[in-house]
Structures are given as C-alpha cells and as structure tokens.
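Colleague: Before I rely on any of the labels attached to this model, I would like to hear how each of them was reached.
Modeller: Then let us look at it together and take the labels in turn.

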Amino acid sequence: MQVNVGDPIAPAGLYMGDRDSFVFLADGDNAVDDGAGNPLMRVLFLSNSEVGHRSFSITEALLQGVCGNHILWGAREVVEVKYRHIGEARDKIFSSLESLMSTVNEPRDLERELRLIEWMRTNNIGTDIDSVVDNVYKTTNKALNKRDIRAGFHLAEENETVDGDPTSWIGIANGLTRQSQTRRNADQRMLMDRATSILFQEAANNAELVEA
C-alpha cells in the first residue's frame, strides 16, 4: 500500500535483506483514545532469518502511532515470543501462528487497558529526576541504562502536554519511547521499546493490587 503525504499511519510494511526479513502490521482502523487525546492501535511484528542469523519472533504491542518509515511512538504492552531454529522449531512456529490467527480478531479488554493508562497518568514512579531514574533502572532490571532514562525524562519534560508528567509512569514511558527514536538502527530502537514495556507490566501489577 502506498503511503501518501499526510497519512497518519502506514498500516503495513515488508522488508527483506540478505540475511533476514521483517513484517509489520498495524490496525489503525480500530484505534481507541487513551484518555488524553492520543490514539492506541494494535500492532504485530514478524521477523525471521533466511540463514539462521536470528530467531523467528512474533511481537504484539499497542502503539500511539507509527510514521511512514515505521518509526514507532508510544509502544506499550509489548509481548514477544522467540523460536530458535533448532529441533522442532518449524512445527512450533506454525502452531504459534495458527493460535495467533485464531485470536487476532478477538476483542481486547480495552476498558482494562484504558484504566491502566489512567492509573499510569495519575501515579508517580518517582518524585524528581533522580528518583525516577533509579526506580526505572531497578524496575526494568537494568535493561535500560541510566543515561537513556535521564535523557527520556528530559524529553518527557519538553513534551509534557502530550506525554504527561515526567515523574508519572506514563510520562517517563513516553519519554523513553522518544529517546529510543534517537537510535539509528531499528533493532536498537526495538530493544529500548521492549525494555520500556516492562514499566507497563509492572504498572499493571501495581494497579491490580490497588483495585483488589
């Protein structure tokens, strides 16, 4: 599908190099409002290597947006499954794809997801930049370095009207997504986005404890 100037999203992409391939799909037609005027859409990534350079992987996530060259914004609830090319990998991959296709059209619990986002907007992970950096560093199991977390905090400060309070769970998560976009390569951006998604899982655990 051709992407035209002004299009809010390119719903699909297919890339192939000399060693691997990558498929991206986004459901922009069924985006929902996250409560602050930002869209949330469901996306799917499939990647594989023709020469065993990397594992076959399936990744699902929610995004605020994606531009024409597939730079992602506001990635959250990132879930990834990988299969190494050994043993019965082919059977496992096809079984996983069949399961994915059978559930892809099932409705998500959007009310729960929107409640989680609201919780993340109204609860803080720290009181200032230093405590936010320390708490994010610990929460993500050191998957993010403190320099990137600090840079993400400053980016959230600069875009607070869109991203939210940088000391809040949602604010720093959005700031870290902006920081990931400073990486030149897509694999580096994805690593940061996956690490940032840990914040959403931990926030979900905390929100459920509060509701209970």
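What follows is a conversation about the helices, the cores and a few loop residues.

Colleague: What kind of model is this, and how many helices and strands are there in the chain?
Modeller: This is a predicted model, and the chain has seven helices and seven strands. Read along the sequence, the pattern is β-β-β-β-β-β-β-α-α-α-α-α-α-α. Of the 212 residues in the chain, 42% are buried, and among the contacts between residues at least 6 apart in sequence, 53% join residues at least 24 apart.

Colleague: What makes a set of residues a nonpolar core, and which residues have the most contacts inside the largest one?
Modeller: The residues must be buried, belong to the nonpolar kinds such as Val, Leu, Ile and Met, and be joined through side-chain atoms within 4.5 Å. The largest such core has 25 residues, and those with the most contacts inside it are M120, V136, I172 and L199. Two or more residues come from each of α2 (110–122), α3 (129–139), α4 (146–158), α6 (169–180) and α7 (186–211), with α7 giving the most, seven residues. Apart from this core lies another, of eight residues, including F24, V43, F45 and A61.

Colleague: With which residues is V136 in contact, once its neighbours within four places in sequence are left aside?
Modeller: V136 then touches I125, L144, I149, I172, L176 and L199, where contact requires heavy atoms within 4.5 Å. V136 is also one of the buried residues of α3, which are I129, S131, V132, V133, V136 and T139.

Colleague: Why are α3 and α4 called oblique to each other?
Modeller: The axes of α3 and α4 come within 9 Å and cross at roughly 130°. An angle of that size is neither in the range of 65 to 115 degrees that counts as roughly perpendicular nor over 145, where roughly antiparallel begins, and the two helices are therefore described as oblique. The crossing in which α3 passes α4 is right-handed.

Colleague: Which residues of α3 and α4 meet there?
Modeller: From α3 come I129, D130, V132, V133, D134, V136 and Y137, and from α4 come K146, I149, R150, F153 and H154. By class, the residues of this contact divide into seven nonpolar, one polar and four charged.

Colleague: What makes the pair α4 and α6 roughly perpendicular?
Modeller: The helices α4 and α6 pack at an angle of about 110°, with their axes 7 Å apart. That angle falls between 65 and 115 degrees, so α4 and α6 are roughly perpendicular to each other. In this contact D148, I149, A151, G152, F153, L155 and A156 of α4 meet G171, I172, G175, L176, R178 and Q179 of α6. The classes here are seven nonpolar, four polar and two charged residues.

Colleague: How do you know that N141 counts as exposed, and where is N141 found?
Modeller: N141 is found in the loop between α3 and α4. Its relative accessibility is 62%, and because the cut-off for exposed is over 50%, N141 counts as exposed. N141 also has a positive phi, about 55°, although it is not a glycine.

Colleague: What is the phi of K142 near, and why is K142 called exposed?
Modeller: The phi of K142 is near 65°, a positive value in a residue other than glycine, and K142 is placed in the loop between α3 and α4. Its relative accessible area of 59% is over the 50% that the word exposed requires, and K142 is therefore given that label.

Colleague: Why does S55 count as partly exposed, and what about G37?
Modeller: S55, in the loop between β3 (39–49) and β4 (56–63), has 22% relative accessibility, and because buried means under 20% and exposed over 50%, S55 counts as partly exposed. G37 lies in the loop between β2 (20–33) and β3, and its 56% relative accessibility is over 50%, so G37 counts as exposed.

Colleague: How far apart in space are the C-alpha atoms of S55 and Y83, and those of G37 and V162?
Modeller: The C-alpha atoms of S55 and Y83 are separated by 5.5 Å, although these residues are 28 apart along the chain. For G37 and V162, which are 125 residues apart in sequence, the C-alpha to C-alpha distance is 8.6 Å.

Technical notes:
Residues numbered from 1 in each chain as written. Predicted model: local features only at pLDDT ≥ 70, side-chain atom pairs only at ≥ 80, totals over all residues. Heavy atoms only, no water. Buried < 20%, exposed > 50% of the residue type's maximum accessible area, 1.4 Å probe, protein only. Helix = DSSP H or I, 4+ residues; strand = E, 2+ residues; numbered from the N terminus. Axes fitted to C-alpha atoms, helices over the stretch in contact; angles between N-to-C directions. Parallel < 35°, antiparallel > 145°, perpendicular 65-115°, else oblique. Left-handed = near helix turned anticlockwise from the far one by under 90°. Nonpolar A, V, L, I, M, F, W, Y, C, P; charged D, E, K, R; others polar.
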